[in-house]
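Colleague: Hi, have you got a minute to walk me through this model? I'd like to get a feel for it before I go back to the bench.

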Amino acid sequence: MSAKRELKKGDTVVMHSCAEAEHYDAKIWTCDSNQFVCSSGYPVVFLEGFSGYFICKYLQRIDLNTV
């Protein structure tokens with residue numbers, strides 16, 4: 001089984017399994033940074049138009065060419 005690819009700047013994602021996912025209701029986001037580990041040890045990424053970073057385990061990468 002291969003490891004999940006880290007998120008990269010420019011990737012498109014949707015939020016899932018968290019309160020923000022319900023609030024933003026399937027909004028498509030673009031990563032504004034490459035994935036990195038924050039001071040609390042979580043893999044996170046900045047999203048265009050979102051204040052602060054977001055934990056990657058609640059993001060699903062999507063391919064807009066197949067949507």
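Colleague: Let me start with Gln 60: does that residue count as buried, partly exposed or exposed?

Modeller: One thing up front: this is a predicted model. Gln 60 counts as partly exposed, because its relative accessibility is 40%, which falls between the 20% cut-off for buried and the 50% cut-off for exposed.

Colleague: Where does Gln 60 lie, and what does it touch?

Modeller: Gln 60 lies in strand β6. Leaving out residues up to four places away in sequence, Gln 60 touches Thr 12, Val 13, Val 14 and His 16. If you look for Trp 29, its C-alpha atom is 10 Å from that of Gln 60, and the two residues are 31 apart along the chain.

Colleague: Let's zoom out. How many helices and strands does the chain have?

Modeller: There is one helix, along with six strands. Going along the sequence, you read the pattern β-α-β-β-β-β-β. The radius of gyration is 12 Å, close to the 11 Å that the globule rule gives for 67 residues, so the chain is as compact as a globular protein of that length.

Colleague: What box do the C-alpha atoms fill?

Modeller: Roughly 30 × 30 × 20 Å, taken along the principal axes.

Colleague: And what share of the residues count as buried?

Modeller: Of the 67 residues, 30% count as buried. The accessible surface of the chain is about 4,700 Å², and carbon and sulfur atoms make up 51% of that surface.

Colleague: How many charged side chains are positive and how many negative?

Modeller: The chain has 7 positive and 8 negative side chains, with 6 Å between the centres of the two sets.

Colleague: Speaking of charge, Asp 11 caught my eye. Is Asp 11 buried or exposed?

Modeller: Asp 11 counts as buried because its relative accessibility is 12%, under the 20% cut-off. You'll find Asp 11 in the segment before β1, the strand that covers 12–15.

Colleague: Which side chains does the Asp 11 side chain make polar contacts with?

Modeller: One is the side chain of Arg 5, at 3.3 Å. Another is the side chain of Arg 61, at 3.2 Å. Not counting residues up to four places away in sequence, Asp 11 touches both of those arginines and also Glu 6, Trp 29, Thr 30 and Cys 31.

Colleague: Okay, on to Ser 33. Where is it, and what does its side chain reach?

Modeller: Ser 33 is in the loop between β2 (29–30) and β3 (36–37). The Ser 33 side chain reaches the backbone nitrogen of Phe 46 at 3.0 Å. With neighbours within four places in sequence left aside, Ser 33 is in contact with Lys 8, Lys 9, Val 45 and Phe 46.

Colleague: Is Ser 33 buried or exposed?

Modeller: Ser 33 counts as buried, as its relative accessibility is 12%.

Colleague: What about the loop between β5 and β6? Where does Tyr 58 fit in?

Modeller: Tyr 58 lies in that loop, between β5 (53–55) and β6 (59–62). Tyr 58 has a relative accessible area of 25%, so it is partly exposed. Among the residues Tyr 58 touches are Val 14, Met 15 and Ser 17, not counting residues up to four places away in sequence. The C-alpha atoms of Tyr 58 and Ser 17 are separated by 6.2 Å, with their positions 41 residues apart along the chain.

Colleague: Cys 56 is in that loop too, I see. Is Cys 56 buried or exposed?

Modeller: Cys 56 is buried, with a relative accessible area of 8%. Leaving aside neighbours within four places in sequence, Cys 56 is in contact with Leu 7, Gln 35, Pro 43, Val 44 and Val 45.

Colleague: Back to Ser 17. What is its phi?

Modeller: Ser 17 has a positive phi of about 60°, although it is not a glycine. Most residues other than glycine have a negative phi. Ser 17 is in the loop between β1 and α1 (19–24) and is exposed, with a relative accessible area of 60%.

Colleague: And what is the phi of Ala 26?

Modeller: Phi of Ala 26 is near 70°, a positive value in a residue other than glycine. Ala 26 is in the loop between α1 and β2, and it is exposed at a relative accessible area of 59%.

Terms used
Residues numbered from 1 in each chain as written. Predicted model: local features only at pLDDT ≥ 70, side-chain atom pairs only at ≥ 80, totals over all residues. Heavy atoms only, no water. Helix = DSSP H or I, 4+ residues; strand = E, 2+ residues; numbered from the N terminus. Buried < 20%, exposed > 50% of the residue type's maximum accessible area, 1.4 Å probe, protein only. Polar contact = N/O pair within 3.5 Å; in protein donor to acceptor, adjacent residues only side chain to side chain. Contact = heavy atoms within 4.5 Å. Rg over C-alpha atoms; globule rule 2.2 N^0.38 Å. Areas by Shrake-Rupley, 256 points an atom, 1.4 Å probe, with all protein chains shown as cover. Lys, Arg positive; Asp, Glu negative; His and termini not counted. Charge placed at Lys NZ, Arg CZ, Asp CG, Glu CD.
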